[in-house]
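Work through the exercises below with the sequence and the coordinates open side by side, and attempt each task before reading its solution.

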Amino acid sequence: MSDTDRSDVIARARLFAETELAPRAAEFDRDEFLPQDVIKKMAEQGFLGASIPTAWGGLGLDPLEYGDVTEAIGKACASTRALLTVHTSIVAGTLLDLASKRLKGKYLAALARGEKIGCFALSEEGAGSDAASVATSYIRKGDSFVLNGRKKWISFADIADLFLVLASDNGVPSAFIVERDMPGVRTWPMSGFLGNRATHIAEVELDDVEVPAENLIAGIGAGFGFVVNTALLHGRYSIAWAGVALAQAALEEMCSYATRREQFGVKIGTQQLVQKMVADTVTNVAAARELCRSAGRSLAQRHADATTETIIAKYFSSTIAQRATSDAVQVLGGNGCWSGYPAERLFREAKILEIIEGTSQLQQILIADVGYKKFSRKA
């Protein structure tokens with residue numbers, strides 16, 4: 001794909017976001033449902049395979065270009081952006097990095113074309129950030145594995161065709177691709193969430209599900225150290241851009257409102273305390289976007305610092321997204337608390353980013369560990 005073609009993809013993503021997603025984002029949120037026609041259009045535009053190499057049917061965007069697409073989609077609709085995070089970044093990205101050639105051939109092209117939708121079945125009732133403690137089990141049975149367990153809060157599980165599942169055999173974690181059509185797979189939709197309401201979140205039950213051995217990813221015991229860490233790296237990079245997207249959307253909301261709304265005979269944007277919120281948001285969005293770009297460059301170069309830079313970008317952008325959307329609600333006042341304006345939805349969506357793909361507190365621990373190793377003076 002030429003540079004012009006890549007630029008066209010980003011331009012198409014922005015146009016699609018502005019014309020197809022932004023006008024309907026509140027509807028998706030209210031109905032807790034991402035319609036099939038939206039997913040089909042995302043697939044037709046190639047966005048569901050945006051970061052997958054052209055050899056596997058994708059658009060072959062590099063991390064920086066994929067970040068631009070993620071920001072454009074995420075600024076318009078957080079739930080649609082979540083489809084990119086889960087399906088494209090986590091599931092397809094992990095298969096691309098770690099799956100056998102046979103397994104890639106089996107699923108990757110279908111994922112790139114959006115013919116199959118993937119989800120990441122990691123969390124359980126008792127296992128969130130502590131992913132190594134999953135209770136879902138697997139045992140070897142001839143040329144297959146048998147999985148039993150129950151996953152919870154799984155985005156897009158209610159419509160997914162493929163499940164990237166982490167399971168354990170007496171403390172040995174491994175990861176598998178499970179197909180919805182395999183006997184013993186059942187899902188139950190969940191509702192009532194703070195944000196990401198249109199992401200078809202569901203519980204997943206695996207009851208004696210027999211999975212062919214070729215669906216094991218990266219070998220027995222590679223489930224946590226390789227597969228989960230790889231999946232979370234891809235997911236965190238996407239979430240970092242999601243934070244930029246929400247913060248940018250909040251910035252545009254507060255600026256537009258502050259330059260129109262009058263109180264005490266003047267535009268509220270002339271008030272210094274409002275200007276402070278705008279100035280802080282402008283600065284934070286620029287800083288977060290640059291952290292994401294730095295992480296993207298490191299990922300493209302497979303630099304040793306790519307993981308650390310991604311964690312820092314995810315932590316910072318999700319934090320400033322929460323602050324920016326809170327300030328947007330504050331600037332809009334009563335209208336900011338009402339669903340007739342986007343500010344309250346952006347505020348709810350931003351909070352989700354501080355929890356998914358590792359809480360902000362978990363990112364702080366990881367960043368502090370890097371700090372101790374890198375900046376402690378030797379005795």
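**Exercise 1. Determine whether T88 is buried or exposed, and describe its surroundings.**

Solution. T88 is buried, because its relative accessible area is 0%, where buried means under 20%, exposed over 50% and partly exposed in between, for a 1.4 Å probe and protein chains only. The model is predicted, so local features need pLDDT of at least 70 and side-chain atom pairs count only at pLDDT 80 or more, while totals for chains, interfaces and linings use all residues. Residues are numbered from 1 along each chain as its sequence is written, and side-chain values use heavy atoms, with hydrogens and water left out. Next, place T88 in helix α5, residues 78-98 (helices are DSSP runs of H or I with at least four residues, numbered from the N terminus). Finally, leaving aside neighbours within four places in sequence, the contacts of T88 (heavy atoms within 4.5 Å) include F47, L48, Y66 and G93.

**Exercise 2. Locate E32 and identify what it touches beyond four places in sequence.**

Solution. Begin with the loop between α2 (25-31) and α3 (36-44), which holds E32. With a relative accessible area of 29%, E32 is partly exposed. Once residues up to four places away in sequence are set aside, E32 touches S191, G192, R197 and A198. For R197, the separation from E32 is 165 residues in sequence, yet 4.8 Å in space from C-alpha to C-alpha.

Notes
Helices (H or I, at least four residues) and strands (E, at least two) are DSSP runs, numbered from the N terminus.
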